[in-house]
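Q: Got a minute to walk me through this one? I'd like to start with the pockets and then see what else turns up.

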Amino acid sequence: ENENLIKCADPRPPLFHDVPSVLADTAVLSCMNQSLTAFRSPCPEATWHTEAFKGRCTYIRTVNDQAVPYEVQNMMIEGTGQEWITTDIETGHSPQLAAPDKLSGIVIEIAKQLEAM
C-alpha cells in the first residue's frame, strides 16, 4: 500500500457536509486519494507572480470548509506574497454543489470586476 497518499475513509463530512444528500452520495463516488507529494514538493513560481496578474488574482474562500478551514485558506493566500481579491461564500468545501447559483453569481461579479480593470 502506498504510504504517500492522503486517504479519507468517509469524504462526505469534510467535502460534502452541506451538499444535498443525493448529490453528496454521487459526489462521494468520485473521490480519490491524493498524493502527499503535492504538499511536500517545492512550489515553483506561478503565473500570479507575473506583472500581468498583479492585483488581478482572486480567491473565493469557503467559510464553513471542514477540509481546508477558513484560517488555513487565509494562510495559503498570505503565503503567496501576492495581493488577492477575496470573496467569501458561506459554504463548505464544495460550493459548486452546495450553492451553485450563489457561486456562479460571485464568479460573474468577479469577472465584471476584472473586466473593469
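**Pockets and core**

A: Sure. The second largest pocket is lined by Ala 38, Phe 39, Ser 41, Cys 43, Trp 48, Tyr 59, Met 76, Ile 77, Thr 80 and Trp 84. Keep in mind that this is a predicted model.

Q: Which elements give two or more residues to that lining?

A: Helix 3 (37-40) and helix 4 (70-79) each give two or more residues to the lining of the second largest pocket.

Q: And how do the residues of that lining divide into nonpolar, polar and charged?

A: Eight are nonpolar and two are polar, with no charged residues in the lining of the second largest pocket.

Q: How much space lies in the second largest pocket?

A: About 200 Å³. For the largest pocket, the figure is about 550 Å³.

Q: OK, on to the largest pocket, then. Which residues lie nearest its centre?

A: Ile 6, Leu 15, Gln 34, Ala 67 and His 93 lie nearest the centre, out of 20 residues that line the largest pocket. Two elements, helix 1 (12-16) and helix 5 (95-98), give two or more residues to its lining.

Q: Which element gives the largest share?

A: Helix 1, with three residues of the lining of the largest pocket.

Q: What's the lining of the largest pocket like by class?

A: You get 13 nonpolar residues, six polar and one charged in the lining of the largest pocket.

Q: Switching topic: where does Asn 74 lie?

A: In helix 4.

Q: Is Asn 74 buried or exposed?

A: Asn 74 counts as buried because its relative accessible area is 18%, and the cut-off for buried is under 20%.

Q: What does the side chain of Asn 74 make a polar contact with?

A: With the side chain of Arg 61, at 2.8 Å.

Q: Now the packing. Which residues are in the largest nonpolar core?

A: There are seven: Ile 85, Ile 89, Ala 99, Leu 103, Ile 106, Ile 110 and Leu 114. Strand 4 (84-89) and helix 6 (100-115) each supply at least two residues of this core.

Q: Which one has the largest share of this core?

A: Helix 6, which supplies four residues of this core.

Q: Last one: leaving aside neighbours within four places in sequence, what is Leu 114 in contact with?

A: With those neighbours left out, Leu 114 is in contact with Arg 56, Thr 58 and Ile 85. Ile 85 and Leu 114 are both listed in the largest nonpolar core.

Definitions and conventions
Residues numbered from 1 in each chain as written. Predicted model: local features only at pLDDT ≥ 70, side-chain atom pairs only at ≥ 80, totals over all residues. Heavy atoms only, no water. 1 Å grid on protein atoms, 1.4 Å probe; cavity = no way out; pocket = protein on both sides within 12 Å on 5 of 7 lines; lining within 4 Å. Points joined across faces, edges and corners; volume = space filled by probe spheres on them. Nonpolar A, V, L, I, M, F, W, Y, C, P; charged D, E, K, R; others polar. Buried < 20%, exposed > 50% of the residue type's maximum accessible area, 1.4 Å probe, protein only. Polar contact = N/O pair within 3.5 Å; in protein donor to acceptor, adjacent residues only side chain to side chain. Core = buried A, V, L, I, M, F, W, Y, C linked by side-chain atoms within 4.5 Å. Contact = heavy atoms within 4.5 Å.
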